[in-house]
Amino acid sequence: MTTFSDLALAAPIVEALAAKGYTEPTPIQIQAIPHALAGRDLLGIAQTGTGKTAAFAAPILDRLGKKPGHPPRKSTRVLVLAPTRELAGQIATSFRAYGQFLRLTVATVFGGVPINRHIRQMERGTDVLVATPGRLIDLIDRRAMTLDHVEVLVLDEADQMLDLGFIHALRRIVPLLPRRRQTLFFSATMPAAIAELAGSYLTDPARVAVTPAATTVDRIEQTAVFVDQGQKPALLALTLREPSIDRALVFTRTKHGADRVVRQLGTAGIEAAAIHGNKSQPQRERALAAFRSGHCRVLVATDIAARGVDVPGVSHVINYEIPNVPEQYVHRIGRTARAGADGVALSFVAGDERPFLRDIEKLTRQTIRMAELPEGFAAPSAPAAAEAPARTKRHRPSRGPKPGAGQSPRPASAPRRRRSGGHG
Ligand code: AMP
């Protein structure tokens, strides 16, 4: 068994990791830490839940600890760029935890809070700054800070940064950094645009990857159920009444959808909170705190807001709406089964979402088990393609619904009994 000491991390960091209860490094940590400690650039393919934050934070802290000194005024020694404020907050929390036995300062800057606070905070400078790109540029434009003293740049969740339109911000930020620096680049997926970006920011990087889609997905019990869109509220309420659900993260595609689900659950007597881009920072923090503490068992989120939500003990992820980008599914269900725990993912698939389900199965190379609707629910109207092939053939995806598709969208193999974990 490899230990953190075997990876040659300094004692105060090993102690801090032990204090967090990390006994063994995760695969991405085993692969990444030695390269990062050696000062090499790194291209890491890993999604949230793999332990990638410690994979970059621990070697960075090691470096800072070995060369202590005053943080540079109006600048930072380490710049970590993250796509969302939640993720930025969590990365900063990790740096503080893993660096608790070192005398270092960790600051965050992100949108949604008054900029004056950040301006004042940057006066003194910091050892580690975790920032979202937009707010960082605001600060630079106001001459509240420079990037002249950055020794290490981390780009976390680069694919999400691109999805969120941060490419222009990145193109402005990176040229402001010293050329001589170490760059650690992490992305869950590696589409061409990301590979190109990595190519331009990294010098002779070591490449490390934990098998993208499969690793987390493997440990998660995944089930889907065909249901008409109009029946989803009732199905969700029924599902959430299952006592086996300790903490459920429910995903919708839109912010309005998330609010609507919270209202509908409220009507059904189930308390839930929403987290999405239209919520203020204090609202998001309150919702997350309630979810984390267990006061609120159900958190309804959009994909973007859920990025970086790291709540241990999420027993169920429910895809109330199926993402049309299959990678999002992997990100979503990765919120359960974090760091070795098992989890359950349920997907509510309306007629027009069936092609998305097939895209997901293609990406993850897994067949998602189909469950039956509970008693009392009308069988979903099969997608037009399955019922009236002549009319809609051209919309029909390569294959019909899963095995057993005849008139019924339910596969013959779907177990008929009710299972304990909701509908699957
Ligand atoms: P991350 O992928 O960085 O978001 O980490 C996912 C989760 O794994 C977080 O809750 C971490 O606290 C946890 N974690 C990271 N490294 C380890 C480790 N070596 N052992 C146990 N848990 C870990």
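User: Which residue of β13 is the bridge partner of V225?

Analyst: This is a predicted model: local features need pLDDT of at least 70, side-chain atom pairs count only at pLDDT 80 or more, and totals for chains, interfaces and linings use all residues. Residues are numbered from 1 along each chain as its sequence is written, and side-chain values use heavy atoms, leaving out hydrogens and water. Strands (E, at least two residues) and helices (H or I, at least four) are DSSP runs, numbered from the N terminus. In β13, V225 is bridged to F348.

User: Over how many bridges do β8 and β13 pair?

Analyst: Strands count as paired if DSSP finds at least two bridges between them. β8 covers residues 220–226 and β13 covers residues 343–349. They run in the parallel sense, and the number of bridges is seven.

User: Which strands stand at the edges of the sheet β10-β11-β9-β12-β13-β8-β14?

Analyst: This open sheet has seven strands, paired in parallel. An edge strand has a single partner, so one side is left without a neighbour in the sheet. That holds for residues 272–275 and 369–371, which are β10 and β14.

User: What angle does the direction of α16 make with that of β8?

Analyst: α16 (residues 354–364) packs on this sheet and touches β8, β13 and β14. Contact means heavy atoms within 4.5 Å. Axes are lines fitted to C-alpha atoms, for helices over the stretch in contact, and angles run from 0 to 180 degrees between N-to-C directions. Against β8, the angle is about 155 degrees.

User: By how many degrees are neighbouring strands turned in the sheet β3-β4-β2-β5-β6-β1-β7?

Analyst: Here too, seven strands form an open sheet with parallel pairing. Its edge strands are β3 (106–109) and β7 (206–209), each pairing on one side only. With direction ignored, the average turn between neighbours is 15 degrees.

User: Which residue of β4 is the bridge partner of V78?

Analyst: β2 (residues 76–81) and β4 (residues 126–131) run parallel. Five bridges join them. In β4, V78 has as its partner V128.

User: Which strands does α4 touch as it packs on the sheet?

Analyst: The direction of α4 makes about 175 degrees with that of β3. β3 is among the strands in contact. The full set is β2, β3 and β4.

User: Are α4 and α13 parallel or oblique to each other?

Analyst: The axes of α4 (residues 85–98) and α13 (residues 281–293) come within 12 Å and cross at roughly 60 degrees. Angles under 35 degrees are roughly parallel, over 145 roughly antiparallel, 65 to 115 roughly perpendicular, and the rest oblique. The two helices are therefore oblique.

User: Which residues of α4 and α13 make the contact?

Analyst: The contact residues divide into one nonpolar, two polar and four charged. Asp, Glu, Lys and Arg count as charged; Ala, Val, Leu, Ile, Met, Phe, Trp, Tyr, Cys and Pro as nonpolar; the others, Gly among them, as polar. α13 supplies Q281, R284, L288 and R292, and α4 supplies R85, E86 and Q90.

User: Is T132 buried or exposed?

Analyst: T132 sits in the loop between β4 and α6 (133–141). Beyond four places in sequence, T132 touches residues including R85, A88 and F110. Buried means under 20% relative accessible area, exposed over 50%, partly exposed in between (1.4 Å probe, protein chains only). At 8%, T132 is buried.

User: What distance separates the C-alpha atoms of R260 and A274?

Analyst: R260 lies in α12 (residues 255–267). R260 is partly exposed, at 41% relative accessibility. A274 is 14 residues away along the chain, and the C-alpha separation is 9.4 Å.
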